[in-house]
Every structure is written in structure tokens, then in C-alpha cells.
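Reader: I'm new to protein structures and would like to learn how to read one. Could you walk me through it?

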Amino acid sequence: MTNDHTVPQMYLRRFGRQPTSGRRKPTILARDVERLDHPFPTSIRNVAAVTDFYGERVEKLLCQIEGDAVPAFDAMLDDPDGALPGPDRWPLGNVHREAMAWWIAAQIVRTVRQRRRL
């Protein structure tokens with residue numbers, strides 16, 4: 001059984017709070033759809049997750065695609081001078097562009113509407 005994420009953990013981490021004493025992983029403030037007025041902190045692993053949503057084989061493929069895209073996201077989002085990379089790091093190189101293309105394609109098939117269409 002897998003814990004499949006409809007929103008990639010790699011993406012959620014950017015919105016998480018960095019670990020505090022005793023915690024090693026970032027946390028994010030979440031809300032249960034039945035109790036929107038009661039937010040609670042939880043780990044990224046528990047947010048936007050469904051058990052066996054994609055199945056183990058597809059989830060492994062998506063994890064691989066997302067892992068390959070992490071350096072491209074880092075290159076774009078971790079520039080100390082601002083929100084987008086400077087001219088020395090933009091446009092992204094071929095390896096980063098390929099990883100981002102695969103990541104974008106994987107996001108498209110994550111939606112029910114797109115899967116039905118395909």
C-alpha cells in the first residue's frame with residue numbers, strides 16, 4: 001500500500017515550516033474539509049495524500065520524475081537575488097529543462113479530468 005500525493009511532497013515542502021526542536025521534517029498547517037475552522041500542524045507526508053490513489057508502480061515513476069526535477073526547482077527558486085534566476089542561471093540548461101518538462105507532463109495526468117481525457 002502506498003501513500004500517494006495528489007500534490008507532490010517536493011512542492012509542498014516549499015510551503016512548510018522548517019523543523020523546530022525535535023522534528024526533522026517540515027510541517028505545514030492543514031485543515032480538514034469537515035472542520036475548516038480548526039487548522040492543525042502536520043507533516044508534509046500527511047497532506048494531499050490518498051492511500052493507493054495511483055498504485056505502487058505509478059507512484060514510483062512519479063517519485064522518480066519529481067526527484068529529477070528538484071535541482072531544476074532549486075535553480076529557479078533558490079536564487080538569493082529574487083524570485084527568478086538571474087541571467088547567469090536563466091534560461092535553464094537542457095538537463096533542467098528536460099526534467100521540468102517531464103514534471104509538468106506528470107502534473108497534467110494527476111487530475112481526474114486529464115486521465116479521463118487520455
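Author: Let's go from the whole chain to a hairpin and then to a helix. Keep in mind that this is a predicted model.

Reader: Which elements does the chain have, and in what order do they run?

Author: Start with an inventory. The chain holds four helices and four strands, and from the N terminus on they run β-α-β-β-β-α-α-α.

Reader: How do strands β2 and β3 run with respect to each other, parallel or antiparallel?

Author: For strands, look at direction and at the bridges. Strand β2 (residues 27–32) and strand β3 (residues 35–43) run antiparallel and are joined by five bridges. Two residues lie between β2 and β3 in this hairpin. To see the pairing yourself, find Ile-28, which stands opposite Thr-42 in β3.

Reader: Now helix α2. Why should its 22 residues span 32 Å?

Author: The estimate uses a rise of 1.5 Å a residue, so the 22 residues of α2 (residues 56–77) should span 32 Å; the end C-alpha atoms are 30 Å apart, which agrees.

Reader: Where does α2 bend?

Author: Look at Val-70: α2 bends there by about 35°, and Pro-71 follows within four residues.

Reader: Which residues of α2 are buried?

Author: First the general idea: an α-helix has 3.6 residues a turn, so residues three or four places apart point the same way. In α2, the buried residues include Glu-59, Leu-62, Ile-65, Glu-66, Ala-69, Ala-72, Phe-73 and Met-76.

Reader: And how much of the chain counts as buried?

Author: Of its 118 residues, 30% do. The chain exposes about 8700 Å², with carbon and sulfur atoms supplying 56% of that area.

Technical notes
Residues are numbered from 1 along each chain as its sequence is written. This is a predicted model: local features need pLDDT of at least 70, side-chain atom pairs count only at pLDDT 80 or more; totals for chains, interfaces and linings use all residues. Side-chain values use heavy atoms; hydrogens and water are left out. Two strands pair if DSSP finds at least two bridges between them. The expected span of a helix is 1.5 Å times one less than its number of residues. The bend at a residue is the angle between axes fitted to the seven residues ending there and the seven starting there. Buried means under 20% relative accessible area, exposed over 50%, partly exposed in between (1.4 Å probe, protein chains only). Accessible areas come from the Shrake-Rupley method with a 1.4 Å probe; for residues, only the protein chains shown count as cover.
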